[in-house]
Structures are given as C-alpha cells and as structure tokens.
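I opened this entry to keep a record of what I looked up, item by item. The structure comes first, and my notes follow it.

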Amino acid sequence: MKKLLNTLTIKEAHKGLVSKKFSSVDLTKACLDQIKSLDKKINAFITVTEDLALEQAKKVDKKIKSGGKLKPLEGIPMALKDNILVKDAKCTAGSKILENYIASYDATVVKKLKEAGAVILGKTNLDEFAMGSSTESSYFGSTKNPIDTKKVPGGSSGGSVAAVASDMCFYALGSETGGSVRQPASLCGVIGMKPSYGRVSRYGLMAMASSLDQISPTTKTVEDLRMVLDCIMGVDKKDSTTVDLKEEKPKKKSIKGMKIGVPKEYFIKGMDKEVEKRVREGIKKLEKLGAKMVDISLPHTEYALAVYYIVMPSEVSSNLSRYDGIRYGFTTVSKAKNLMDVYFETRRQGFGDEARRRIMLGTYALSSGYYDAYYKKAQQVRTLIKNDFDKAFTKVDCIVTPTSPTVAWDIGEKFDDPLTMYLSDIYTVSANIAGIPGISVPCGEAHNLPVGLQLLGKQFDEETILNVASEYEEYK
Amino acid sequence: MKLKTQEVEHIAKLARLGLTEDEKKKFQDQISSILGYVEKLQKVDTKNVEPTAQVTGLINAIREDEVEACDKETMKKLVDVAPMKKDNLVKTKAIFE
C-alpha cells in the first residue's frame with residue numbers, strides 16, 4: 001500500500017522531494033487536508049496559516065525545479081506552539097488576554113526555520129501560557145489525544161505533539177518548563193526532547209519561568225529530531241542565556257559498553273504497574289543492545305516537584321506582569337474608572353484559573369518576609385538536585401527512567417485538582433531544574449495507550465542520549 | 001498550612017488580580033494545599049548550600065546596547081495592537097489623580 005504523504009518522516013519526505021517523486025506543495029496540501037478532516041475532533045491548531053504555508057512551499061518547489069540543492073528541512077511542513085512568535089501571525093498563548101495579538105517579529109527559531117526553508121502550517125494549542133499538563137486550560141478549548149479522543153494528550157505542548165502524532169505535520173516545536181514536550185510525547189506515542197538549558201534561543205518565545213524555559217522539538221523519529229535540533233540550536237545575541245559551544249563534532253558513541261544509570265527514586269509507589277513493566281522491558285532492551293545498567297541514587301528527587309512549584313510560579317508572577325491591558329491584548333480600559341481598575345479587571349477577566357493560581361502562588365513566595373523560606377530555600381535545594389546529577393554522571397553516561405508515571409487520563413479527570421495534576425510531571429521536572437537534556441521515546445503500550453521511556457544526559461551532551469534513543473528505536 | 005482570607009486578598013492586590021468572592025475561597029483552598037505540599041522543602045538541610053538561580057555557568061553575558069532601526073510599518077503595527085491610542089501613541093488612564 002502506498003503511504004500517504006503526510007505520514008512520512010522528515011527524512012523520507014526529503015528524499016522524495018530530492019528525487020522529485022512529489023513536490024513541497026503536495027506535502028503541504030496532504031497536511032492541510034489532514035488538518036481539515038481531523039482537527040475538528042483533535043483541536044491541535046489554534047491558527048492555520050494556509051497561505052503562508054503554500055507560499056513557502058511554492059518557493060521551495062521553484063528551487064527544486066531550477067536544480068537547487070535542498071537543505072534537510074527545506075519544503076517540509078511543520079507547526080509551532082502558539083507561544084512562539086511568527087511575524088504578522090496571531091500568537092495567543094492559549095489565553096483570552098492575547099486573543100487578538102499579532103506578533104511584530106519572528107522568534108529566533110522561526111528565523112532559523114525560515115532560512116532553512118521550513119513550511120509553517122500554523123500555531124498549535126497549549127495550556128494557557130504553557131501552564132498545565134493536559135492542554136485543558138487553553139482558552140480555545142482542550143486538545144484531544146489522537147490515540148483515544150476521550151483522553152488528554154498531556155501538556156502543555158499538547159497541540160504540537162497531537163499534530164505530530166496524527167500526521168497533521170512532519171514535526172513541531174513546543175516549549176518546556178517542567179516536561180511540557182516529553183510528557184505529552186510519552187502520552188501520544190511520539191518523540192519529544194528538551195535540549196539543555198542554553199542550547200536553543202528563547203528570543204520570541206513568550207516567557208513563563210525564565211530559569212527553566214527551553215524550546216523543545218517533537219518528531220516521529222529520533223533521526224528526524226536530530227535534524228530539527230541541528231537547525232534551531234546555537235548561541236543568539238538576543239538570548240543572553242544561550243551558550244556558545246564551539247565544540248568539536250562529538251564522536252559517535254555506540255550504546256555497546258555504555259553505562260546507563262537506573263535511579264531507584266524513579267520507580268516508586270503510585271506508579272502504574274503496567275507502565276512500570278513496559279519501562280522495565282525497555283531497560284532490558286538497552287541491556288541487549290550492550291549497555292551496562294548501573295543502580296544509582298538521586299537522593300533529592302522527592303523534592304524536585306516542590307522546588308519546581310516555588311521557582312516556576314515565582315518567575316511566572318514576574319513574567320506575566322506585562323499583561324496589563326494597556327499596550328496589547330484584551331483590556332477593560334474603556335470601562336474602567338481608573339488605572340488600578342484597568343489592571344484588576346483586565347487580569348481578572350483575561351487570565352484563566354491556572355494562570356492566576358500560579359501568579360498568586362509566586363507573588364506569595366516572593367513577598368516580603370517569605371522570600372527566604374520559599375524562593376531562596378527552593379533555589380538551595382535546586383543546587384542539591386543539580387549536584388545529584390553531577391555526581392551520577394561521573395559514574396554513568398546517561399540515565400534511564402519512565403517519562404510519566406501513568407498513561408493518558410480522561411479529559412476532566414484531574415482538572416479541578418491542581419496538586420494531582422502537578423504530580424504527573426514528577427519524572428520530568430528534574431531535567432529542567434538541573435538544566436540537562438532529556439528525551440522521551442515510545443516503549444510500548446499499557447491499557448492500550450502509549451508509554452514513554454525517558455533518557456537523561458549530561459548538560460550539553462544531547463549527543464549521547466540521541467545515540468542511545470536512536471539505537472533503541474531501531475532495535476526490533 | 002492554611003492561608004487566611006485577608007492573605008489571599010493581599011496577594012491578589014500585590015499581583016493586580018481581581019477576584020470574585022467565590023474565587024477567593026477557591027484559590028484560598030487550592031493555594032493552601034500547594035503550600036502544604038512544598039512545605040517538605042523545610043526538611044532539607046541547606047546549611048552552607050549556595051542557591052542556584054541559573055545553570056549555564058555564564059557570567060555577565062553582555063552585548064553592545066545598539067538601537068536597531070524599526071520601519072514605519074512595524075511602528076504603526078505596534079501602536080495598532082494597543083487597545084486605546086491617540087495618533088501614534090498608546091493611550092491609558094491617568095497615572096496621577
């Protein structure tokens with residue numbers, strides 16, 4: 001049977017373009033058709049930029065016709081989480097407060113993608129301002145899991161991941177603050193990676209928690225992910241946290257003989273038994289590939305989520321103060337009595353519950369008299385968590401864990417219970433806290449839903465976990 | 001640990017967030033339960049531990065403070081997204097009363 005064009009991988013699509021089997025417009029139309037027929041059910045997209053996509057595709061086709069050499073991502077349709085700016089396109093962050101906001105410039109990653117010839121299909125749904133683990137808190141309605149539409153896709157980058165999982169695009173960018181790409185990738189059965197903090201410029205990504213945020217790709221294969229990461233990473237003057245790594249091309253390291261750490265703190269009570277089985281089987285597979293498993297301990301793991309729920313909301317409360325109803329976005333200014341009234345009413349009506357909850361939590365943690373007990377304390381424990389990883393990586397090349405303690409849950413199940421919802425990020429937040437890279441790869445099914453295996457690497461050593469993930473993926 | 005109603009009102013005021021009476025009660029419960037959860041950090045011995053504010057190891061990342069030219073069209077668009085404007089300026093309520 002002939003494979004539908006939109007189901008190809010980036011690599012396959014690139015080959016087809018080079019050999020002129022089909023055109024970039026063909027690929028783009030296949031994706032747009034899939035969006036039209038499926039997205040009423042999935043709700044992965046907030047905005048579809050059909051005209052922009054077809055214009056970009058035609059440009060690439062012209063180049064192919066004139067015999068130009070194609071770059072790996074050239075002419076391949078993709079999607080962007082709706083908190084990443086594309087000039088002249090709407091960018092909502094899934095919030096009423098930015099319902100009609102039009103971006104005035106391209107994010108650095110978008111600039112790079114455009115230079116690489118990418119075809120931008122549109123902007124994907126997310127939890128409001130990327131705050132959530134289920135893509136249910138979006139002002140534009142929840143995204144559904146393509147595997148089972150009664151289930152959540154995970155979040156906050158649920159739209160980007162669902163779009164990839166349902167072949168509406170070849171790859172997508174999301175953003176991570178505590179697992180927002182790896183966790184949905186696990187729940188939807190695709191690849192998701194958070195690069196090291198400092199790898200990818202966040203210029204033009206709406207800030208959530210600045211010491212944790214990182215733009216993160218999601219793809220159908222590990223090989224595809226490597227290509228996307230190669231395109232978007234690198235130092236950027238406009239993001240002073242990006243690191244200039246003039247590194248020698250890393251040596252390709254085989255999994256054979258590699259030491260992989262299994263942290264005992266990641267296999268705990270409360271984890272779904274079937275999920276644990278799949279992850280244990282995945283670990284066996286790594287052993288069969290020649291890796292040596294080493295029992296390790298990351299003793300401060302149990303404090304990671306608590307650190308996260310102090311550091312993140314504190315930074316959120318500061319970053320979201322810019323939405324004041326005056327310069328852009330939703331406003332109540334015309335009905336307000338005075339300036340204070342503009343702030344209170346605009347932010348009451350413009351922000352959803354989760355955004356307000358986190359702003360208040362952060363404001364409390366940073367307020368006079370509480371700073372030392374909360375923010376400073378959390379930052380100190382953050383140091384201990386980072387030290388745990390530093391120590392572990394003197395003994396092992398990378399670490400293997402589950403990505404999520406459960407499979408996808410029912411829509412609505414955890415929505416009114418924030419603390420239970422927060423616990424679904426328990427295995428992913430540590431990587432953001434320590435700034436290290438992490439990747440989630442599918443490792444089978446439990447309860448007929450996908451399970452993800454997570455690999456964590458040393459800071460700035462994406463190469464090792466990409467190699468392990470790639471060999472793991474190819475092993476049958 | 002349970003936040004008092006006045007504390008919720010005080011935080012909301014600091015954060016410039018309007019709340020209805022129902023919301024006050026809801027957020028009071030939810031934020032209290034999250035604060036209860038993070039309480040576990042107090043058990044960790046952090047004597048002589050330096051706080052981590054960022055993880056890159058970069059120190060003083062600086063660049064020239066150069067003005068980048070902005071074309072007329074972009075300028076107009078920037079003002080156009082403002083809810084209230086006058087000519088090419090963003091308009092707001094009086095700051096001094």
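**Notebook: two chains**

I began with one loop residue: H447(A) is exposed, because it has 12 other C-beta atoms within 10 Å, where a residue is called exposed at 12 or fewer such neighbours, buried at 20 or more, and partly exposed in between, with C-beta atoms placed from the backbone. H447(A) sits in the loop between β10 (438-446) and β11 (449-457) of chain A, and I noted its positive phi of about 50 degrees although it is not a glycine.

Before going on I wrote down that this is a predicted model, in which local features need pLDDT of at least 70 and side-chain atom pairs count only at pLDDT 80 or more, while totals for chains, interfaces and linings use all residues. Residues are numbered from 1 along each chain as its sequence is written, and chains are lettered from A and ligands numbered from 1 in the order in which they are written.

**Chain A**

I looked up the elements of chain A and found 15 helices and eleven strands; these are DSSP runs numbered from the N terminus, helices being H or I with at least four residues and strands E with at least two. Chain A has a radius of gyration of 21 Å, which agrees with the value near 23 Å for a compact globule of 476 residues; the radius is taken over C-alpha atoms, and the globule rule is 2.2 Å times the number of residues to the power 0.38. Of the 476 residues in chain A, 60% are buried.

I also checked a peptide bond: the one joining G155(A) and S156(A) is cis, with omega about 15 degrees, and S156(A) belongs to the loop between β3 (119-124) and α5 (158-165) of chain A.

**Chain B**

Along the sequence, chain B reads α-α-α-β-β. For its 97 residues a compact globule would have a radius of gyration near 13 Å, but chain B has 23 Å, and 15% of its residues count as buried. N60(B), in the loop between α2 and α3 of chain B, has a positive phi of about 45 degrees although it is not a glycine, and N60(B) is exposed, with 5 other C-beta atoms within 10 Å.

**Where the chains meet**

I then turned to the interface, where 43 residues of chain B are in contact with 54 residues of chain A, a contact meaning that the C-beta atoms of two residues, placed from the backbone, lie within 7 Å. On the chain B side, α2(B) gives the most, with seven residues.

Which helix of chain A packs with α2(B) at an angle of about 55 degrees? I found helix α11 (residues 353-366), with the two axes 11 Å apart. The pair α11(A) and α2(B) is therefore oblique, since angles under 35 degrees count as roughly parallel, over 145 as roughly antiparallel, 65 to 115 as roughly perpendicular and the rest as oblique. The contact uses R357(A), M360(A) and L361(A) from α11(A), and F27(B), Q30(B), I31(B) and I34(B) from α2(B).

My last entry is A306(A), found in helix α9 (residues 304-319) of chain A. A306(A) counts as buried because it has 23 C-beta neighbours inside 10 Å, and it touches Y37(B), V38(B), K40(B) and L41(B), residues up to four places away in sequence not being counted.

Methods. Axes fitted to C-alpha atoms, helices over the stretch in contact; angles between N-to-C directions.
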